Amino acid sequence: MANMKTFPIPSTYFAARLKPKWRDRSLSGAMAAILLLAPVMNPPAAIAKPAEAEAVVRVDRVRLEGLQDFIDGVVAQQIATREVAGAVVTVVHQGKVLFTRGYGFADVDRGVAVDPQNTLFRPGSVSKLFTWAALMQQVEAGKVDLDADVNRYLDFAIPPFAGKPIRVRDLFAHAVGMSDLPYDEKQWAKQEPYQAFLKGHVPARLWPAGGEISYSNYGAALAGYIVERVSGEAYPDYVERHIFSPLGMTNTTFREPLTGDNAAHMALGYDLVDGRFKAKPYERYSKIMPAGSAAATAPDMARFMLAMLNGGALGQVRILTPESVRFLESDSIANAPHLPGMAHGFMVARPAGPRMVGHGGNTADFHSYLVLAPEADFGFYVSMTGGAGSYGARTELSNAVIGRIFPQSPTPRWTKAGAPPPVGTYRVNRRDYAKPADPAGDLKLSARGVHGVQIETKAGKSYWEQIGPGLYEQVTGARQGGPYDQLEFYGPPADRRLSFASQPHVAYHLVPAPVSRKKR
């Protein structure tokens, strides 16, 4: 990330990143007996880092003890007002599962309530975290070089752009410089395995890899294919043998469609039609399997969080070295000079106070979010199904948990004179460039007074106030304690850009105003 300047943005941006304190923990009873011992390998020099001072951020005990009741209240309100049909939440802290809660219905028509221990939800792109862990296992084994051209590990060619190949580390950062594609099976005439899809639908290269971040499902699926190629194991077999089974995640799979007990315990996806939930068939994302096809229970997701918070180990089982976990959670690159960017696979949710990394996931039917605060040894996972409003409900609940456990104060407002913001229409860089841009998805920015900006989208309007040169903080919809989203204008005059702290995986570019032609 760029060097910080002295204008008044949150002090947390200037804090040095503190490393988590890894702890050795053990499981007891039957759980320990079923776990398989995984080999421990020394990390290659590319990811090995010198030991740093350890730090622990303490979580307020009162806030933590009241968290379950707090979440119960938030979700009850969301079921009433935000089209939530069913949800699961699990919270972990200091090596333990604090609680796992289920809400609403897994099957509305049959009146089957969500079982917090056994109902499966779709994590969506949170599934990518398993893929990044699998790829790091191959880095540890010396079979993959982070700085190698991805073509070294493929049986087809990804073309370079401006003479630069895509490196393995560019996959982790979502900095592959590619067009995006639709991946819902309904978008395509034929179904085919993800390996064939990757080979037959290489997205257009648009800018050099390692530069601007633009979220890439294709890149994440490519990471899974590299795992498959170098390990000699089919991707769903690999993650089951080397991640899920060792951690005791017995109800997590990338296989579609589900079978057996997993199918029987799967929550249904829904549309909201004329005010009623209408069940939908099981979604298929097999074209990009490693990027988002997983189904999992909340307890399984808790096991994964506990392992990541413990430096890659759960009980006597280790799936990653502490160095690999630190790499996954450490900064890679950022689009905006003064806002959080990407870690390696994870997104940076907060750079400090405490540092938080996580990943969201959205299928057509399910909306999920996983957050880890390694310095506080705290994490949570939420997944929801329902109508379109459940997408926003997922984000609202996640922000409510963060704001309660790690509250912030609004940033002091900037009152000095300066250049006006480059307002206008901004368009996201993540899209299918083979198709005409859809103006309905654009952001329309206008100045409000000397130090305010209004953003209008198809979802509504929001208001932001200035906190530094080119930096603004959201006022509309911000709850007490935060988190308070921020935006930054940056880029050269010929290519003005905009990024949000809450969206480190994309950037928005100013759309040039149309040139008017005078009549003669």
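Select Leu471 first: Leu471 stands opposite Glu488 in β19. The two strands here are β18 (residues 471-474) and β19 (residues 486-490), which run antiparallel and are joined by three bridges. Strands (E, at least two residues) and helices (H or I, at least four) are DSSP runs, numbered from the N terminus; two strands pair if DSSP finds at least two bridges between them.

This is a predicted model, in which local features need pLDDT of at least 70 and side-chain atom pairs count only at pLDDT 80 or more, while totals for chains, interfaces and linings use all residues. Residues are numbered from 1 along each chain as its sequence is written, and side-chain values use heavy atoms, with hydrogens and water left out.

**The barrel**

Extend the selection to the eight strands that close into a barrel, in the order β14-β15-β16-β17-β18-β19-β20-β21, with antiparallel pairing. On average, neighbouring strands of this sheet are turned by 30 degrees against each other, direction ignored; axes are lines fitted to C-alpha atoms, for helices over the stretch in contact, and angles run from 0 to 180 degrees between N-to-C directions.

Next select β14 (residues 424-428). It pairs with β15 (residues 443-447) in the antiparallel sense over three bridges, and Thr425 stands opposite Lys444 in β15. β14 also pairs with β21 (residues 508-510), again antiparallel and over three bridges. There, Val428 has Tyr508 as its bridge partner.

**Helix α13**

Select residues 389-405, which form helix α13. At 1.5 Å a residue its 17 residues should span 24 Å, and its end C-alpha atoms are 25 Å apart, which agrees; the expected span is 1.5 Å times one less than the number of residues. Of these residues 12 are buried, so the helix is largely enclosed by the rest of the structure. Buried means under 20% relative accessible area, exposed over 50%, and partly exposed in between (1.4 Å probe, protein chains only).

Pick Ile402, which lies in this helix. Its relative accessibility is 6%, and Ile402 therefore counts as buried. Add Gly481: the C-alpha atoms of Ile402 and Gly481 are separated by 8.5 Å, with their positions 79 residues apart along the chain.

**Helix α7 and an enclosed space**

Select α7 (residues 217-231). This helix of 15 residues reaches 21 Å from its first C-alpha to its last, close to the 21 Å expected. 14 of the 15 residues are buried, so α7 is largely enclosed by the rest of the structure. Just after α7 comes Gly232, with a positive phi of about 75 degrees.

Now show Val176, Met178, Ser179, Asp180, Tyr183, Ser214, Tyr215, Ser216, Asn217, Tyr218 and Arg430, which line the second largest cavity. Its volume is about 40 Å³. On a 1 Å grid over the protein atoms alone, a cavity is a set of points where a 1.4 Å probe fits but cannot get out, and a pocket is an open set with protein on both sides within 12 Å along at least five of seven lines; lining residues have an atom within 4 Å of a point. Grid points are joined across faces, edges and corners, and a volume is the space filled by probe spheres set on the points.

For the second largest pocket, select Ala419, Pro420, Gln466, Pro469 and Gly470, which lie nearest its centre among 22 lining residues. About 320 Å³ of space lies in this pocket.

**The open sheet**

Select the open sheet of seven strands, ordered β3-β2-β1-β13-β12-β11-β10 with antiparallel pairing. β3 (112-113) and β10 (347-350) stand at the edges, each with a single partner strand, so one side of each is left without a neighbour in the sheet. Two bridges join β2 (residues 96-107) to β3, where Asp107 has Val112 as its bridge partner.

**Backbone exceptions**

Most residues other than glycine have a negative phi, and most peptide bonds are trans. Select Asp274, in the loop between β5 and β6: Asp274 has a positive phi of about 55 degrees although it is not a glycine, and is exposed, with a relative accessible area of 78%. Ala162, in the loop between α4 (128-140) and α5 (168-173), also has a positive phi of about 55 degrees.

Finish with two prolines. A cis peptide bond joins Glu256 and Pro257, with omega of about -10 degrees; another joins Gly353 and Pro354, with omega of about -5 degrees.
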